[in-house]
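This report describes the fold of a predicted model. It begins with a single residue and then turns to the sheet and the ligand.

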Amino acid sequence: MSTYLITGIGRGIGQELARALLMRGERVIGTLRDPAQVPASLSAFAESGQLKLLTLDVQDGASIAEAARQLDEPVDVLVNNAGIIGQRNASSLDTDAESFLETLRVNTLGPLRVIQAFLPHLRRSKAAKIMTISSRMGSMSHAKSDRIAYRASKAAVNKVMQGLATDLQPEGIAVFAVHPGWVRTDMGGSGADIAVEESAAGLIRLIDGLSLKETGGFFDWTGDRLSF
Ligand code: NDP
């Protein structure tokens with residue numbers, strides 16, 4: 001049994017990742033912005049104690065620090081899942097600066113601040129891994145201009161993860177960025193390619209298979225390596 005810390009387990013990919021890992025017998029520490037919003041699929045696990053809930057808003061440094069203070073156990077795998085799509089603009093010319101900054105605070109600085117805060121817990125694991133859910137929409141080869149703040153936030157978080165991989169390699173902590181597929185969630189919409197169960201199953205296979213040898217890489221949910 002390993003311990004997984006997953007941000008944003010109230011819905012979407014985070015909820016399904018938590019459910020599938022709990023069904024496999026793993027321990028999960030799941031974060032929610034609103035502690036009253038425990039999804040029905042996870043409530044029995046929370047009652048049994050296999051799932052520990054923490055209140056955390058990735059935009060709020062104080063809430064991240066408080067959640068880290070409340071946890072006194074090693075973390076083997078940290079999954080930075082929480083994210084927002086931000087302004088659904090048609091082109092970069094329509095971009096609103098405040099909305100852009102919020103998207104960066106959640107999607108780019110959120111994962112960095114969560115890693116900084118929970119590093120002591122990851123250091124207590126024998127072989128810790130960090131998986132940050134990014135997006136192919138942030139790849140430099142995708143020359144599109146819609147949802148530019150989202151694209152920029154994911155390109156930036158990829159760069160941050162690459163840097164952290166270098167910083168943490170000497171300590172044996174592996175860091176990856178992943179694209180989960182185009183997934184039918186509130187964010188992905190009902191017309192997306194794959195179900196949340198398929199994405200989560202692929203991401204769990206990735207976590208299981210990746211090691212320090214691949215640290216700093218960017219992969220999709222099928223295991224294919226992507227270019228930044
Ligand atoms: P959803 O919109 O379904 O869920 C987003 C999750 O993030 C919710 O749990 C939400 O919590 C949480 N969240 C949002 N803002 C914050 C915050 N400030 N602090 C803490 N939690 C927050 O999205 P998905 O499940 O589809 O996406 C999960 C990840 O996958 C994201 O990083 C997304 O960018 C990425 N992704 C998704 C794709 C898709 O096709 N769906 C494609 C590529 C990447 P709450 O319920 O409180 O709002």
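## A loop residue and its contacts

Leaving aside its neighbours within four places in sequence, which residues is Q50 in contact with? The contacts of Q50 are L22, R27 and F45. Q50 itself belongs to the loop between α2 (40-48) and β3.

Q50 has 16 other C-beta atoms within 10 Å. A residue is buried at 20 or more such atoms and exposed at 12 or fewer, so Q50 counts as partly exposed. In sequence, Q50 and V28 are separated by 22 residues, yet their C-alpha atoms are 6.6 Å apart in space.

## The sheet as a whole

The model contains an open sheet of 7 strands, paired in the parallel sense and arranged in the order β3-β2-β1-β4-β5-β6-β7. The edge positions are taken by β3 (51-55) and β7 (218-220); each has a single partner strand, so one side of each lacks a neighbour in the sheet. On average, neighbouring strands of this sheet are turned by 20 degrees against each other, direction ignored.

## Strand β1 and its two partners

Strand β1 covers residues 3-6. The side chains alternate in direction: T3 and L5 point one way, Y4 and I6 point the other way, and all are buried.

On one hand, β1 is joined by 4 bridges to the parallel strand β2 (residues 27-32). I6 stands opposite G30 in that pairing. On the other hand, β1 pairs with β4 (residues 77-80), also in the parallel sense, over 3 bridges. The bridge partner of I6 in β4 is V79. I6 thus has a partner in β2, namely G30, and another in β4, namely V79.

## Crossovers towards the β3 edge

The path from β1 to β2 includes helix α1 (residues 12-23), and these three elements form a right-handed β-α-β unit. Beyond β2, 5 bridges connect that strand to β3, and the two run parallel. Within this pairing, G30 has L53 in β3 as its bridge partner. The chain passes from β2 through α2 to β3, and this β-α-β crossover is right-handed.

G30 of β2 therefore links two pairings described here: G30 stands opposite I6, and G30 is also the bridge partner of L53.

## From β4 towards the β7 edge

Strand β4 is joined to β5 (residues 129-133) by 4 bridges, and the two strands run parallel. In this pairing, I130 of β5 is the bridge partner of L78. Helix α5 (residues 148-168) packs on the sheet, where it touches β5, β6 (174-179) and β7. The direction of α5 makes about 160 degrees with that of β6.

The loop between β5 and α5 holds R147. Although R147 is not a glycine, it has a positive phi of about 45 degrees. Is R147 buried or exposed? R147 is buried, because 22 other C-beta atoms lie within 10 Å.

## Surroundings of the ligand

There are 28 residues around the ligand, and those that come nearest are G8, G12, G83, T185 and G188. Helix α1 provides the largest share of this shell, with 3 residues. By residue class, the shell consists of 11 nonpolar, 12 polar and 5 charged residues.

Methods:
Residues numbered from 1 in each chain as written. Predicted model: local features only at pLDDT ≥ 70, side-chain atom pairs only at ≥ 80, totals over all residues. Pairing = 2+ DSSP bridges. Right-handed = clockwise from strand over helix to strand, strands pointing away. Axes fitted to C-alpha atoms, helices over the stretch in contact; angles between N-to-C directions. Contact = placed C-beta atoms within 7 Å. Near = placed C-beta within 6 Å. Nonpolar A, V, L, I, M, F, W, Y, C, P; charged D, E, K, R; others polar.
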